[in-house]
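Open the structure in your viewer and keep the sequence beside it, so that each selection can be followed in both. The tour below moves from stop to stop, naming what to select and what is there.

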Amino acid sequence: MEGHLDLGALRYFFNAIKRLQLKLPFLAYVAGFSALLPFAIGFLRRKSLDEGLNWFCWLLFFDLAVSGGQLILNFYKIKNLWLSHLFVLVQFSFVIGICAKLVETAVVRKLFLISIALFSALWIISRFTFEPITVPTTYVTPIAKAILVAISLYMISSIAQSSEQLSKEPRYWIVSGIVISSAGSLLFYAFRGIIDKFGRDELLIAYSVHWAIDIVANIIYSIGFLCRQPTPGSGGPLASAQ
């Protein structure tokens, strides 16, 4: 789940700033500060959140810490590609782990956990073969995003079938945010080759769309944290998984 400042997109944009001498637009600052909102709400309401949502809250904190660390290291011109690589693995494992706790079917839960092991193996292999830690993550990240979109859509379907008040279900909002954020990042990576050739105006438009997606996702995450948690035995969505 991305909270979220996409580290890959962030790196490409800062490279473009140097290449085209761009000034950071206002929307970029809004997107950056919007990433603080869901974490702040989740942290303040952490005592009323279940274990899965608490995990997600701390994932948002990790997202912010890594993004901030990368900005600082970029400022001092210190190599930090390893942060992007590490973040992909941690984010994927956390998100799928949370989904595994929420899903009702034991077989599906086991498949989710197996996907973490398989992706971790792919991540390790890629570090020593086609995507070493010295180059940007261009293959493993889109794979992770595609899997996150697919699993999140499955989770939304499961929640919708078991919830009588979908708009009041926190998991629905959180997982919806994952779909929007991951799909937006996947779209960015799919068209990265074209985006890299854009001029100043086209590049700003492309990244404005990306930042707008981040803002929407962060607002949706915030709504999820603001939803009242279903009480035990109330028949809430995926209650049997608790």
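Begin with the charged side chains of this predicted model, in which four salt bridges are counted. Select R171 and D50, whose closest N and O atoms are 2.3 Å apart in a salt bridge. Because R171 belongs to helix α8 while D50 sits in the loop between α3 and α4, this pair ties together parts that are 121 residues apart in sequence. Both R171 and D50 are buried.

Next, select E51 and K101, which form a salt bridge with 3.2 Å between the closest N and O atoms. E51 lies in helix α4 and K101 in helix α5, so here the parts tied together are 50 residues apart in sequence. E51 is partly exposed, at 45% relative accessible area, and K101 is also partly exposed, at 30%. While K101 is still selected, add W55, because the view then shows K101 over the face of the W55 ring, 5.5 Å from the ring centre.

Move on to R127 and E131, where the side chains meet in a salt bridge of 2.9 Å, N to O. R127 counts as buried at 10% relative accessibility, and E131 counts as buried at 0%. Returning to D50 and R171, add E169 to the selection, as salt bridges with shared partners join these three residues into one network.

The aromatic rings come next, with 16 aromatic pairs counted. Select W58 and F61, whose ring centres are 5.8 Å apart and whose planes stand at 80°, so the pair is edge-to-face. The two residues are three apart in helix α4 (residues 51-75), a separation of about one helical turn. W58 is partly exposed at 41% relative accessibility, and F61 is partly exposed at 41%. Extend the selection to F39 and F43, which ring pairs link with W58 and F61 into a cluster. R46 can then be added, lying over the face of F43 at 4.1 Å from the ring centre.

Now turn to the nonpolar interior. Which residues touch the most other members of the largest nonpolar core? Among its 39 residues, they are F56, I96, F112, F119, M155 and F225. The largest share of this core, nine residues, is supplied by α5. Apart from it lies another core of nine residues, including F188, Y189, L203 and Y207.

Finish at K77, in the loop between α4 and α5 (81-102). K77 has a positive phi of about 55° although it is not a glycine, and at 76% relative accessibility it counts as exposed.

Technical notes:
Residues numbered from 1 in each chain as written. Predicted model: local features only at pLDDT ≥ 70, side-chain atom pairs only at ≥ 80, totals over all residues. Heavy atoms only, no water. Phe/Tyr/Trp six-rings, centres within 6.5 Å; stacked < 30°, edge-to-face > 60°. Helix = DSSP H or I, 4+ residues; strand = E, 2+ residues; numbered from the N terminus. Buried < 20%, exposed > 50% of the residue type's maximum accessible area, 1.4 Å probe, protein only. Lys NZ or Arg CZ within 6 Å of the ring centre and 35° of its normal. Core = buried A, V, L, I, M, F, W, Y, C linked by side-chain atoms within 4.5 Å.
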